[in-house]
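Biologist: Hi! Could you walk me through this protein, one piece at a time?
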Amino acid sequence: DYVGAALFERQPSGVVLSPIGEEYAKEVGRALDALQSLEVDQFTRQGMDRVTIACSRAVADLWMMPRLHDLRRAFPELELKLVVNDFFEQLRHDEYDLAIYYRPVRPTDHQAISLASEEMFPVMAPGGVPLAEQAAPLLLTVEETHKEWTDWGNWLAAAGLRLPEGAMRWKLGVYHLCIASARQGVGVAMGWSLFIVDDLENGTLVPADAHRFRGRGQYYLMRPTTRHQRRMARQVADWLEASNRRWSGG
């Protein structure tokens, strides 16, 4: 009533902001950031070391989790909050300082640093039979709830590989369970190189096929351009970028 327009739209997947709602949220976010900056910088240090990072479940489990110990050592005063949400489009800019997500195209409303391209290939425990030679492979998968995600169907089409009739699929709900099961030799998981670089380099996972599929998108470390960036948020972003490793093995 106050704005004079609908701020939300109902969709089958839930409630989302309307275009006017998105613009209004940005303006309100700028005002709130200005008030927060005034309070923090001029009156108190409380909140200066607080950083909120939004990321998907896969990023939280397989990319952020291995870094938390070193992050704590690097920033002993850091107050960290992780917002784990697979639906980046549903987040408002005022809900996070930094975000780590796959995006089909580089976002224009964020300062975006590319962490890795979307490179994927099947992986398994060492000593396993290559995927193309397995008579009854077990594929470890998740529900494909995101249209922009790529998974087994994309890779199989790109590789030109037809699975045998005995192939089975287990849907394990979350991606880190697929990777953990592949490490234990349960089956073959689809590996995104950003998340499994350490497994590949230390040999706990090996490629199950030589073909790599590279999607059109990237994984980005993002900072909203609509938000005032405190020094701690910038320092944490720089640290996360420096900690990133890219796999280039064969």
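Biologist: Let's start with one residue: is L156 buried or exposed?
Modeller: One thing before that: this is a predicted model. In this model L156 is buried, with a relative accessible area of 11%. The cut-off for calling a residue buried is under 20%.

Biologist: Where does L156 sit?
Modeller: L156 lies in helix α4, which runs over residues 152-159.

Biologist: And what is L156 in contact with, leaving aside its neighbours within four places in sequence?
Modeller: L156 is in contact with L161, L163 and R169. For a sense of the fold, you can also look at H211, which is 55 residues apart from L156 along the chain. The C-alpha atoms of L156 and H211 are separated by 9.5 Å.

Biologist: Which residues of α4 are buried?
Modeller: The buried ones are W152, W155 and L156. They sit on the same side of α4, because they cover an arc of only 95° around the axis.

Biologist: What covers those buried residues?
Modeller: The cover includes several strands: β6 (110-124), β7 (138-141), β8 (168-171), β9 (188-192) and β11 (213-224).

Biologist: What follows α4?
Modeller: G160 follows α4. The phi of G160 is positive, near 65°.

Biologist: Okay, let's zoom out. How many helices and strands does the chain have?
Modeller: The protein chain has seven helices and 11 strands. Its C-alpha atoms fill a box of roughly 65 × 45 × 25 Å, taken along the principal axes.

Biologist: How much of the chain is buried?
Modeller: Of the 250 residues, 43% are buried. As for the outside, the accessible surface comes to about 13700 Å², and 50% of that belongs to carbon and sulfur atoms.

Biologist: What share of the contacts is between residues 24 or more positions apart?
Modeller: Counting contacts with a separation of 6 or more, 78% are between residues 24 or more positions apart.

Biologist: New topic: salt bridges. How many are there?
Modeller: The count comes to 11 salt bridges. One of them joins the side chains of K26 and E23, at 3.9 Å from N to O.

Biologist: Where are K26 and E23?
Modeller: Both lie in helix α1, three residues apart, about one turn of the helix. K26 counts as partly exposed at 22% relative accessibility, and E23 is partly exposed too, with a relative accessible area of 46%.

Biologist: What about the bridge between R50 and E79?
Modeller: Their side chains meet at 3.3 Å, N to O. This pair links distant parts of the chain, with R50 in strand β3 (residues 50-55) and E79 in strand β4 (residues 79-84), 29 residues apart. R50 is partly exposed at 37% relative accessible area, and E79 is partly exposed at 40%.

Biologist: And D97 with R230, are they buried or exposed?
Modeller: Both D97 and R230 are buried. They form a salt bridge, with the closest N and O atoms 3.6 Å apart. D97 is in the loop between β4 and β5, while R230 is in the loop between β11 and α7 (231-243), so this pair links distant parts of the chain, 133 residues apart.

Biologist: Which residues are joined into one network?
Modeller: E119, R212 and R214 are joined into one network by salt bridges that share partners.

Biologist: Let's try another arginine. Where is R103, and which side chain does it meet in a polar contact?
Modeller: R103 is in strand β5 (residues 98-103). A polar contact of 3.2 Å joins its side chain to that of E89. R103 is buried, with a relative accessible area of 14%.

Biologist: Last one: which residues form a nonpolar patch on the surface?
Modeller: The patch is formed by Y2, V3, I20, Y24, V28 and L32. Together they have about 590 Å² of accessible area.

Biologist: Where is V28, and how accessible is it?
Modeller: V28 is found in helix α1 (residues 19-42), the helix that also holds K26 and E23. At 33% relative accessibility, V28 counts as partly exposed.

Definitions and conventions. Residues numbered from 1 in each chain as written. Predicted model: local features only at pLDDT ≥ 70, side-chain atom pairs only at ≥ 80, totals over all residues. Heavy atoms only, no water. Buried < 20%, exposed > 50% of the residue type's maximum accessible area, 1.4 Å probe, protein only. Helix = DSSP H or I, 4+ residues; strand = E, 2+ residues; numbered from the N terminus. Arc of directions from axis to C-beta. Contact = heavy atoms within 4.5 Å. Polar contact = N/O pair within 3.5 Å; in protein donor to acceptor, adjacent residues only side chain to side chain. Patch = residues over 30% accessible without salt bridge, like charges linked within 9 Å, V, L, I, M, F, W, Y side chains within 5 Å. Areas by Shrake-Rupley, 256 points an atom, 1.4 Å probe, with all protein chains shown as cover. Salt bridge = Lys/Arg side-chain N within 4 Å of Asp/Glu carboxyl O.
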